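Open the model in your viewer and set it to cartoon view. Keep the selection box handy, and follow the stops in order.

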Amino acid sequence: MKNVIYQPFINPSLKGRLWTVCCLLFFTCCAQKPKTEVKADYNTKQWTELTSLDNSIKIDIRYATTNNFTKAKMYDCDRCFLRPEAAKAIAKAHKTLKDKGYGGLKMFDCYRPKPYQQRLWDKVPDDRYVTPPWKGSQHSRGLAVDLTIVDKNGKELDMGTEFDNFTTKAHSDNMDLPKNVLENRQLLRGVLEQVGFKGIRTEWWHFAYQKKKYDLSDWVWQCK
Ligand SMILES: [Zn+2]
């Protein structure tokens, strides 16, 4: 007697359906779930949140705390936004510092919405310390930053004064300072000028991006 190999008969269309069911089961149960994309809660054509480019950049937005010269919390929360070109440039400067062995940049202030500039002005209506809202600060255009450098342990380098110190000691053309302070300031100025920022005479921490112009903005970021 011939050997008969038992072959269950499955008609081709049923076979096809079984395959489909198996595939569906595999993809619903076993296949890796696609990563849930974090949707930005702001207009990414107009703005970039700095930490979205590099989350090793330290954020210490002083006006979102009481640790600032007004001693009051002026911003609802601490997020750091800049115009896209300026944000990319800051991320590049941060990387340069990290490559040199530093921890990188620490941001004290970034984009400052016009309504927040108004709050500052209402608190301190003195144009020696606060730019009048109608004049408009580069911060309110999303092009200015207040920042310093941290070492690899996260400690701020000695820049001679604290942020928002309004004495001549904070002036960037003040050469009557210890050698290491002058070197630290030169390091900050050097990496920022390399990526298109320019400092001002009275505040060692303030730099504005020069390669692009933007209008003042009223947009205020959401608090998470
Ligand atoms: Zn500033």
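Select Asp109 and Asp146. Asp146 lies in strand E5 and is the bridge partner of Asp109. This is a predicted model: local features need pLDDT of at least 70, side-chain atom pairs count only at pLDDT 80 or more, and totals for chains, interfaces and linings use all residues. Residues are numbered from 1 along each chain as its sequence is written. Helices (H or I, at least four residues) and strands (E, at least two) are DSSP runs, numbered from the N terminus.

**The sheet**

Now select Leu105 and Ile149. Ile149, in E5, is the bridge partner of Leu105. Widen the selection to strand E4, residues 104–109, and E5. These strands pair in the antiparallel sense, over five bridges. Two strands count as paired if DSSP finds at least two bridges between them. Strands of a sheet pair through backbone hydrogen bonds, either parallel or antiparallel.

Next, add strand E7, residues 206–209. E7 and E5 run antiparallel and are joined by three bridges. Pick Val145 there: Phe207 in E7 stands opposite.

Colour E5 by burial. Its residues are 144–150, and six of the seven are buried. A residue is buried if 20 or more other C-beta atoms lie within 10 Å of its own, exposed if 12 or fewer, and partly exposed in between; C-beta atoms are placed from the backbone.

Zoom out to the whole sheet. In what order do its strands lie? The order is E2-E4-E5-E7-E6, an open sheet of five strands with mixed pairing. E2 and E6 are the edge strands, each pairing on one side only. Helix H3 packs on this sheet and touches E4, E5, E6 and E7. The direction of H3 makes about 140° with that of E4. Axes here are lines fitted to C-alpha atoms, for helices over the stretch in contact, and angles run from 0 to 180 degrees between N-to-C directions.

**Helix H3**

Select residues 84–99. With 16 residues at 1.5 Å a residue, H3 should span 22 Å, and its end C-alpha atoms are 23 Å apart, which agrees. The expected span is 1.5 Å times one less than the number of residues. Which residues of H3 are buried? They are Ala86, Ala87, Ala89, Ile90, Ala91, Ala93 and His94. Step just past the helix to Gly101, which takes a positive phi of about 105°.

**The largest core**

Show Leu50, Leu82, Ile90, Met107 and Cys110 as sticks. Of the 33 residues in the largest nonpolar core, these touch the most other members. A nonpolar core is a set of buried Ala, Val, Leu, Ile, Met, Phe, Trp, Tyr and Cys residues joined through C-beta atoms within 7 Å. H3 gives the most to this core, with six residues.

Centre on Met107. Leaving aside neighbours within four places in sequence, its contacts include Leu50, Ile57, Val145 and Leu147. Two residues are in contact if their C-beta atoms, placed from the backbone, lie within 7 Å.

**A second core**

Apart from the largest core lies another, of six residues, among them Tyr63, Tyr75, Tyr116 and Leu120. Select Tyr63, in the loop between E2 (58–59) and E3. Is Tyr63 buried or exposed? Tyr63 counts as buried, because 23 C-beta neighbours lie inside 10 Å. Draw a line from its C-alpha to that of Leu120: the two are 9.0 Å apart in space and 57 residues apart in sequence.

Move on to helix H4, residues 114–123. Its buried residues are Tyr116, Gln117, Arg119 and Leu120. Look down the axis of H4: these buried residues fall within an arc of 155°, so they line one face of the helix. The arc is that of the directions from the helix axis to the C-beta atoms.

**The edge**

Select Gly199, in strand E6, residues 197–199. Gly199 is partly exposed, because 18 other C-beta atoms lie within 10 Å. Leaving aside neighbours within four places in sequence, Gly199 is in contact with Ser172, Arg189, His206 and Phe207. Its C-alpha and that of Ala144 are separated by 9.5 Å, with their positions 55 residues apart along the chain.

**Last stop**

Show the whole chain. There are five helices and seven strands. Buried residues make up 29% of the 224 residues.
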